[in-house]
Amino acid sequence: MSAAPWWASENAWKKIAIWVTGLSLVVLIFLTFDSMQQITAGGKRVPDYSVINQRIDYRFDDVRKYQVPVIGPEAPLFGKKVSAEEAEALVAHGKKTFQGRNCINCHTILGNGAYYAPDLTKAWLDPAWGAEAARESLMIEFLKNPDQNARTFGTGRKMAHLRVTDEEAKALVAYLKWVSSIDTNGFPYNFKTIQQGG
Amino acid sequence: MAAAAIGVLDTSHLNGGQKLAVKYYTVAIVLFVAQVLFGILAGLQFLYPDFLYGVLDFNVNRMVHINAMVVWMLMGFIGSVYWLLEDEAGTPVVGLKLGEIIFYVLTGAVAVVVLVYLFVQVGPGNDMTRWFINEGREYIEAPRWADIGIVVAVLTFFFNVVATVMKGRATGITGVLIADLLALFGLYLAGMFYTTNVSIDQYWWWWVIHLWVEATWEVLVGVIMAWALMTVLGTRRVVVQTWLYIEVALMFGSGILGLGHHYFWIGTPDYWFWIGGFFSALEPIPLVAMVVHAVYDSGAHKMRNSNHPTLGWVIAHAFGNFFGAGVWGFMHTLPQVNLYTHGTQWTTSHGHLAFFGAYATINIAMFYVAAQKLRGNVWMGAGIAGAWRWKWALFLLNAGMLTMTVALLASGYEQSFIERAIEGATWSGYFAGQSHPWFVQGMQWRMWGGWVMLLGLALLLWDLFTIGAGETRKAYSPSEDEAARTAA
């Protein structure tokens, strides 16, 4: 049998495999450094945790052609302005509660998770909370007793009772408020927000 | 010790690594059954939300469903590596005793994790929960203590593979295997830290999930497939190894930067739109190559093979991988489409066909290799008694999965149009999509697909334990046959 041409030879493909993998990894590592810089909390794309002291909106941007988060005037969570450290601690407690109560296996957040319950990326801005003034207390009530405050819109699907405490509910609200301020390149698209600021 | 007769189920037919592989395969099969059962429970809850509400809520069932899947696939892969290692390296597996101990430790740890999932379920929002109950991150929910256990277990496994290859013969297959395992285990570490910043969290989480499933796992099954084609069809080593390198080049060349398709909407910069879109659009190409490779080799050997069920599942793997991971992935990978389909039943449809097509199939193919050897390399060709069982198991499992995939896709279309495009993904928009008859019909058809799979699984188990029983003929050997034909 004649020798295989170079493009079909084992050795050539071995070298190609090594080079392609190496180059791809180098590019990925470079982009990872850049992405990390851009998504560190406190940057333009992912605001500092103290953003929970301000109003957050999600409005259509004429240049980018999709909605982007808009950080508005002061609007402290639970009527109390918190320091940067307190904000971070509160949001961290919320994130740990989100993980500990296994929220991700029903909900999605930033579109990732399970599909049994609504996406939570912009849950803070959802019009289902009704009036802005009632939003915080409704969210806390709902999280603590989801079975009694279920709004299933005819599906009969209720959130599980996860024994969320008062403190955890508050922390979850802070976490969701902060998440709603992340620039997600227009995801979710065409989202209708709750009426804020009179 | 004399080997048992052909057709008799006996581990004396096996080498040391293969005996250990059978243990891994056994646990893998138990977890496969668990995966399907908990999937059935979760599927039922979509149709009957009060079913097991407050006892085994959807989040618990779904977590067990996907975790059982990840672990049974990994156990299948580890088993397969132990299975082929002695053949490939030409020397008995080094560190087998250690491998055995680790097997029991790993199995025990998996059992504890699952029991905690089922009976403790969730915990308060503190570090203790993350360390001992549930990490609460999809696919890698296992608490931190188990993560550390997994790292120790896989390092031992890695050591055994490297030591065996170093003592014996290094081949192209073992070279790719070692490099791939190193990447596989290194990547797991990327998921083992806590951060409050959800964007950074998901960024690294995808290094584990994507770079496992769409890169290192694919290469690992490429290795297993290469070995299987040599064994079952008698394909020459130079052919399978050249293909393997082509697959590695295409798989890593597209898959590593294809990671970008997960970075469209998590807070990361928008340059990922075109990087992720472009490279993930290339991801089906290596899968086409695998189909060509498998089909061409089967044809080149005129379908003469040593193990019909294995070849059947290898072909199912080639097509399932191409359609499930390749076509179904490509359909919604461009950001212009993904904006509406991200996090809908589209993903479920793709996920089901991809995991089944790419990974369940190749593991099942290897289970049949093991079943054959466990009976002393028994005949597994045409005319074997009870052949209807493996054929029907192959058909029912694939037909059930295809039914689920298409049904979920129909629901996904409806969800992306109504919930996403029209309603804008609000709470009421979500439920407008979920309560629409077109969505519900998809969920009902999915359930039928699930029942068919359960039936196929029962048949598969029955077949794996009985195939070859009472058969006295030795397996057909492609290499001996080829040698004889060349001589003539």
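**Exercise 1. Find how chain A is divided into domains, and state what distance separates the domain centres.**

Solution. In this predicted model, the centres of domain 1 of chain A and domain 2 of chain A, taken over C-alpha atoms, are separated by 39 Å. To place these domains along the chain, note that domain 1 of chain A covers 6-39, while domain 2 of chain A covers 49-179.

**Exercise 2. Describe how strand 1 and strand 2 of chain A pair, and what lies between them.**

Solution. Begin with the pairing itself: strand 1 (residues 54-61) of chain A runs alongside strand 2 (residues 66-74) of chain A in the antiparallel sense, and seven bridges join the pair. Next, pick out individual bridges, among them the one in which Asp61(A) has Tyr66(A) of strand 2 as its partner, and the one in which Tyr58(A) is matched with Pro69(A) of strand 2. Finally, turn to the connection, where four residues stand between the two strands of this hairpin, and where Lys65(A) in the turn has a positive phi of about 65°.

**Exercise 3. Locate the backbone features of Pro188(A) and Asn190(A), and say what marks each of them.**

Solution. First recall the general expectation: most residues other than glycine have a negative phi, and most peptide bonds are trans. Against this background, the peptide bond from Phe187(A) to Pro188(A) is cis, with omega near -5°, and Pro188(A) belongs to the segment after helix 4 of chain A. Asn190(A) also lies in the segment after helix 4 of chain A, and its phi is near 65°, which is a positive value in a residue other than glycine.

**Exercise 4. Determine how helix 1 and helix 3 of chain B are oriented, and which residues meet between them.**

Solution. The axes of helix 1 (residues 16-47) and helix 3 (residues 96-119) of chain B come within 10 Å and cross at roughly 5°. Because angles under 35 degrees count as roughly parallel, helix 1 of chain B is roughly parallel to helix 3 of chain B. In the contact, helix 1 of chain B contributes residues including Leu20(B), Tyr24(B) and Val27(B), and helix 3 of chain B contributes residues including Leu96(B), Phe103(B) and Thr107(B). Sorted by class, this contact has five nonpolar, four polar and two charged residues.

**Exercise 5. Work out how many residues each chain gives to the contact between them, and which element of chain A supplies the largest share.**

Solution. Chain A gives 71 residues and chain B gives 66 residues. On the side of chain A that touches chain B, the elements that each supply at least two residues include helix 2 (84-100) and helix 4 (166-179), but the largest share, 14 residues, comes from helix 1 of chain A. By class, that side of chain A has 34 nonpolar, 23 polar and 14 charged residues.

As a last step, consider the confidence values: the predictor gives the complex an ipTM of 0.97 and a pTM of 0.96, and chain B has a mean pLDDT of 94, with 99% of its residues reaching 70 or more.

Definitions and conventions. Residues are numbered from 1 along each chain as its sequence is written. Chains are lettered from A and ligands numbered from 1 in the order in which they are written. This is a predicted model: local features need pLDDT of at least 70, side-chain atom pairs count only at pLDDT 80 or more; totals for chains, interfaces and linings use all residues. Axes are lines fitted to C-alpha atoms, for helices over the stretch in contact, and angles run from 0 to 180 degrees between N-to-C directions. Angles under 35 degrees count as roughly parallel, over 145 as roughly antiparallel, 65 to 115 as roughly perpendicular and the rest as oblique. Two residues are in contact if their C-beta atoms, placed from the backbone, lie within 7 Å. Ala, Val, Leu, Ile, Met, Phe, Trp, Tyr, Cys and Pro count as nonpolar, Asp, Glu, Lys and Arg as charged, and the others, Gly among them, as polar. Domain bounds come from an automatic or database domain assignment. pLDDT is the predictor's confidence in each residue, from 0 to 100. Two strands pair if DSSP finds at least two bridges between them.
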